[in-house]
Every structure is written in C-alpha cells, then in structure tokens.
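Here is a friendly walk through how the pieces of this model fit together. Keep the 3D view open as you read.

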Amino acid sequence: MSAAAIPVEQIKTITMSIYRFDPTLDKKPYMQDLVIAIPTDKDIMVLDALHLAKEQEPSLSYRRSCREGVCGSDGMNINGKNGLACVTPLSEVLKRGKITLRPMPGLPVVRDLIVDMKQFFDQLEKVKPYLITKSDNPDIERMQTPEDREELDGLYECILCGCCSTSCPSFWWNPDKFLGPAALLQSWRFIADTRDEATEERLDDLEDAFSLYRCHGIMNCVSVCPKGLNPTEAISNIRNKLLTREKN
Amino acid sequence: MFSKLGHGSKEFLVIRICAVLILFYTLYLAGFVVFAEEVNFNRWSAFFENPVNKILTSLFFLAFSVHTWLGTWAVASDYLTPRIFGSMGKALFIGFRALVAVIIALVLTWAIIIIW
C-alpha cells in the first residue's frame, strides 16, 4: 500500500515516533517523529504503517517476512509492550494519534528496530530443541497417543519471535545464564514429549541457580506472547518435575 | 531426597521454607498482640520467657537470616554485575555481600543474646 494511492478524503495523519540508530553514522540513538497518512476506511497493522513510514524515510530499517504472525521476524516494542508489528492493529495501539516504536529491549541493536538475536538463539540451543532418542528406530514413525500429543498443545506453536524473553527482566540482567522464557518453553515441550528419551539429562542441565530458577514469575512473557502461550506455566511444570523426580 | 537435589532446587526450596516460617511466626506474634487482653511490659516479658517462644523466635531469626542471605544474592547477581557496572561490577558485588553478611551476623548475634 502506498500513501499516494489513498484518496485524500480517506486519509488521516498519525505520528510515528521511531527509535533510530545507525552505528555507522550516529554516536547515540535518538527518536524520530514521522507524520504519515493512513486510510480511514479500514484498520491497518503496525507493520503496514511502518511501510508507509519507510516510503518517507527509506533508511528506516526493520525485519519482516511473512506479515501474518508466523515467521516471528517483526517483534518490536510497541508503545512500551513487545509484540509483532504484523498482527497488531494500529487502532489498538494508537494513543492520541501517536505510536512509539522501539527495538525489543535487552538485546544489542544492530540498526533502528533490528536487534542482534544471538544471545536469544544461544540460549535456545542450550535446551537441545529437538527430539533425543536412544532406543532403536521403530519400523515406522515413533507413535504417540492422541492424549500424549495433546500435552504439546500450547508449546509447539512458539515462533521464536523473542517478544517474551526480551520483556523478561531476569533475561535482561543475565542473558548468558538465565535461559529465558522462550528457551524454557521449548525445553518443556521436549520434556513433555513422550517420544523423547533424554528427560533426565534435560532436567539435570536446568538444576543450577540460573538457567531455570532465575525466573521470578513476573509473567511479562505471558502478557506479551503474540501466540497466547504461557511460558510461566511451562517453567512451573519443569520446576515441579525437578522437585518431585526420583533421582538415582 | 533433599540431598539429591541440585543447587538451584535446594536454594529454591530453602528460600520458600524460610518464607513460610517467617510468615507463621509473624502471624503467631500478631495473634499474641491482637488476642492478649493488654500488652504491657510484664506480658511481653512473660511471652519471651516461655522456652517455646524463645525457640520459635530464634528459629524466626535464623530463617530471616537465611532468607535475606539468599534473597540479596539473587538481587545482587541481577544488578551488581560487570555487565552493568563494568570493571567495578565484581567489587560492588563483593562489597555488597560483605555488608549483608556483617548486618546479618550482627542482627542474629544481637537477637540470640536478647532472646536467651
């Protein structure tokens, strides 16, 4: 959608206050206000508004891909709360004609709204987010009952956008030691999977003072998850499993 | 069972057991104040002369000390780090821990002397 394509009688203007930082040009970050024209006859998403802003300011940088809440690329801080720009209607976040966009907090900024996700994915890697089996491969696939499969609902849907971990104060302060809600949700996804055969090893890896136990139940992760998932509950399930397992 | 738990699990349980002990003692003491006909010096002294109350009060201060020691470690390891304070981070952390240790030792010693 181009601003020029909208008839004049069907537009209104809004102000987008956007975090700008180009490490090759700027000594420090600053907020830039861009006034853009948006249509009045329909609601648009924050990502659409960003596209309009980029027409004005071509150097504006952000990640995006699927534009329908599946790829998890456009996680950002919208009016102080993390979310996906592509599935956040502008009407829900516009306050007195203004919206403020910043990069997800806690991670190094590469440029403008783009953050370096390395710390996030390093933590994900630690929980081994894949099925580990030790027994011989069966003739056909590894089977699950429908009930066992249901245990994974609310876990497998995570798109790794990073909204939860970057809204978690415990992750801000110790991103190298505390795994963060996204990685812990994935950890529980495989601990809860009846086909996985490395439960004890997975639990052993989480029993230090930081990896899991640095979660203080703040629940920002639940509040911001664009897929409506509940990492705090997953963390609580892991903790219960750790405290009640019979260790040899 | 407890001895087989990992470091994080042990700490998680200890800090919560201490919190429950602190809560029960606070309610117990509040119950005494609320339900006593009159709280004067004699009643207050008699309350703390009771050996059961001496033990409970000592337990409270012990739980309070452990809870404070572990709780302030969690706070310090969030905020007093090289990540935030650069080269000063480690010194600040150690300084804060030493200060907390001194305060806990003083409070605990003083409390035990007063109670017993």
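## Two domains in chain A

Chain A splits into domain 1 (3–115) and domain 2 (118–244). Please keep in mind that this is a predicted model. Taken over C-alpha atoms, the centres of domain 1 and domain 2 of chain A are 31 Å apart.

How many residues does each domain of chain A bring to the contact? Domain 1 of chain A supplies 14 residues, and domain 2 of chain A supplies 14 residues. On the domain 1 side, strand β4 (residues 81–84) of chain A gives the most, with 4 residues. By class, the residues on that side of domain 1 of chain A are 7 nonpolar, 6 polar and 1 charged.

## A helix pair in chain A

Two packed helices are described by the angle between their axes and the distance between the axes. For helix α6 (residues 181–191) and helix α9 (residues 231–244) of chain A, the axes come within 8 Å and cross at roughly 55°. That angle lies outside the ranges for roughly parallel and roughly perpendicular, which are under 35 degrees and 65 to 115 degrees, so α6(A) and α9(A) are oblique to each other. Their crossing is left-handed.

If you would like to find this contact on screen, select P181(A), A182(A), L184(A), L185(A), S187(A), W188(A) and I191(A) in α6(A), together with P231(A), A234(A), I235(A), N237(A), I238(A) and K241(A) in α9(A). The residues of this contact between α6(A) and α9(A) comprise 10 nonpolar, 2 polar and 1 charged.

## Where the chains meet

Now for the contact between chains. Chain A uses 10 residues to touch 9 residues of chain B. On the chain A side, 6 of the residues are nonpolar, 1 is polar and 3 are charged.

## A helix pair in chain B

In chain B, helix α1 (residues 7–35) and helix α3 (residues 51–79) have axes that come within 8 Å and cross at roughly 140°. This makes α1(B) oblique to α3(B), because an angle has to be over 145 degrees to count as roughly antiparallel. The crossing of α1(B) and α3(B) is left-handed.

Which residues make the contact between α1(B) and α3(B)? From α1(B) come E11(B), V14(B), I15(B), C18(B), A19(B), L21(B), I22(B), Y25(B) and Y28(B). From α3(B) come L56(B), L59(B), F60(B), A63(B), F64(B), V66(B), H67(B), L70(B) and G71(B). Sorted by class, the contact of α1(B) with α3(B) has 15 nonpolar, 2 polar and 1 charged residues.

How values were computed:
Residues numbered from 1 in each chain as written. Chains lettered and ligands numbered in written order. Predicted model: local features only at pLDDT ≥ 70, side-chain atom pairs only at ≥ 80, totals over all residues. Domains from an automatic or database assignment. Contact = placed C-beta atoms within 7 Å. Helix = DSSP H or I, 4+ residues; strand = E, 2+ residues; numbered from the N terminus. Nonpolar A, V, L, I, M, F, W, Y, C, P; charged D, E, K, R; others polar. Axes fitted to C-alpha atoms, helices over the stretch in contact; angles between N-to-C directions. Left-handed = near helix turned anticlockwise from the far one by under 90°.
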